[in-house]
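Biologist: Could you take me through this model, beginning with how its parts are defined?

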Amino acid sequence: MSELTIWTYDWVPEGPRGLVRDLRLRWACEEAGLAYDVRTVPFDERQTNHLARQPFGQIPFLDDGGLQLFESGAGLLHLARQSDVLMPTEPAGAAETLQWTIAALNSIEMVTVPWWFLTISGQADNPLTGWMSQRLGQLEDVLGQRQWLAAGRFTVADLLMADVLRVPLVRAFGQRPATEAYVARATARPAFRKAHADQISQFEQADAARAG
Ligand SMILES: N[C@@H](CCC(=O)N[C@@H](CS)C(=O)NCC(=O)O)C(=O)O
């Protein structure tokens, strides 16, 4: 049994499969070569059945030899401390990686998630479109200048930024060739492909268990 356990739901509907955020932690472990188990809490009654582990009733959360933490970003930064593959140890590269990891969460995802939520809720003239367009345009300028965001190579900041940007509605929004190439580059990595396939497979197996 490995020290690291990634917790996710035991099942989700087809729509979010491949996008559920346990994938961020699986991907990081795959990149870093860290052994991990995946365990589940029930999707049904999720708002109340694991509040002691995740106070918002969400997933993922991580267990590292008894140390427990929730928030995918926190889990990623925790894993990054265990592997130079995810975050360089030299101070300048580490600072740049930290900066872009927080930017993925607090400058990009903070607008993309409410934007797609309003979009799928059928909101006409989504009021967040201008804001999101500006942020993604600024990021497009950055990605036009470099392959990876920090330290001159792939880091956990790219893992997170690419995961935020690969949401199909966001990816299809506007024409941003550098961003599209970046997402394609990140998601072509074997570690992403394994994490993605494993998540899909887990939920497909859960379909069979639910039906039976
Ligand atoms: N900020 C949290 C967000 C977690 C989150 O949105 N998780 C989704 C799955 S990807 C979830 O649990 N949704 C079910 C719900 O909110 O009821 C994180 O990054 O861990």
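Modeller: Domain bounds here come from an automatic or database domain assignment. This is a predicted model, in which local features need pLDDT of at least 70 and side-chain atom pairs count only at pLDDT 80 or more, while totals for chains, interfaces and linings use all residues. Residues are numbered from 1 along each chain as its sequence is written.

Biologist: How far apart do the C-alpha centres of domain 1 and domain 2 lie?

Modeller: The assignment gives domain 1 as 4-84 + 191-211 and domain 2 as 91-188. Between the C-alpha centres of these two domains the distance is 21 Å.

Biologist: How many residues of domain 1 are in contact with domain 2?

Modeller: Two residues are in contact if their C-beta atoms, placed from the backbone, lie within 7 Å. On that criterion, 9 residues of domain 2 are met from domain 1 by 10 residues.

Biologist: Which helices each supply at least two residues of that side of domain 1?

Modeller: Helices (H or I, at least four residues) and strands (E, at least two) are DSSP runs, numbered from the N terminus. On the side of domain 1 that touches domain 2, at least two residues each come from α1 (22-32) and α3 (72-80).

Biologist: Why is α1 largely enclosed by the rest of the structure?

Modeller: A residue is buried if 20 or more other C-beta atoms lie within 10 Å of its own, exposed if 12 or fewer, and partly exposed in between, with C-beta atoms placed from the backbone. The cover over the buried residues of α1 includes β1 (4-9), α6 (156-165) and α9 (190-211). The helix is largely enclosed because, of its 11 residues, the number buried is 9.
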